[in-house]
Amino acid sequence: MSPADTPPPPYYLVVFASTRTDDDHGYAATARRMLELADAQPGFLGVDSARDPDGVGITVSYWRDEESIAAWRRHVEHLVAQADGRARWYASFAVHVARVERAYRFPPPTR
């Protein structure tokens with residue numbers, strides 16, 4: 001998997017850092033569904049995600065603007081997944097939202 005192919009800045013990112021609980025309880029299927037839904041949202045630019053064997057993970061989603069992030073946060077199915085995450089899937093989590101001012105990659109994009 002290669003890093004998300006984002007446009008030139010500015011854009012926004014949401015960092016979701018989490019520690020999973022031990023049991024799946026439908027997590028994998030819901031995570032796939034959330035990615036499908038996010039990908040269909042206006043303003044969604046891409047995602048990068050990694051999780052270590054101990055259950056610590058970081059997902060970074062990229063968005064055109066803060067309005068797109070707010071709309072995603074309020075999406076009905078995403079709200080259900082958020083509640084399930086608090087109740088079943090996460091021992092802890094943190095969310096950080098930031099505006100990207102500079103970005104570069106190797107190799108450079110061929111746009």
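Visitor: How many aromatic pairs does the structure hold?
Guide: In this predicted model, local features need pLDDT of at least 70, side-chain atom pairs count only at pLDDT 80 or more, and totals for chains, interfaces and linings use all residues. Residues are numbered from 1 along each chain as its sequence is written, and side-chain values use heavy atoms, with hydrogens and water left out. Rings of Phe, Tyr and Trp (its six-membered ring) pair if their centres lie within 6.5 Å, with planes under 30 degrees apart counted as stacked, over 60 as edge-to-face and the rest as tilted. The number of aromatic pairs that the structure holds is eight.

Visitor: Which parts does the pair of Phe16 and Phe93 tie together?
Guide: Phe16 and Phe93 form a tilted pair, at 5.4 Å centre to centre and 35° between the planes. Helices (H or I, at least four residues) and strands (E, at least two) are DSSP runs, numbered from the N terminus. Because Phe16 and Phe93 lie in different strands, the pair ties together parts 77 residues apart in sequence, namely strand S1 (residues 11-20) and strand S4 (residues 90-100).

Visitor: Where does the salt bridge of Arg88 and Asp84 lie?
Guide: A salt bridge is a side-chain nitrogen of Lys or Arg within 4 Å of a carboxyl oxygen of Asp or Glu, and the closest N and O atoms of Arg88 and Asp84 are 3.4 Å apart. Four residues, about one turn of the helix, separate Arg88 and Asp84, and both lie in helix H3 (residues 76-89).
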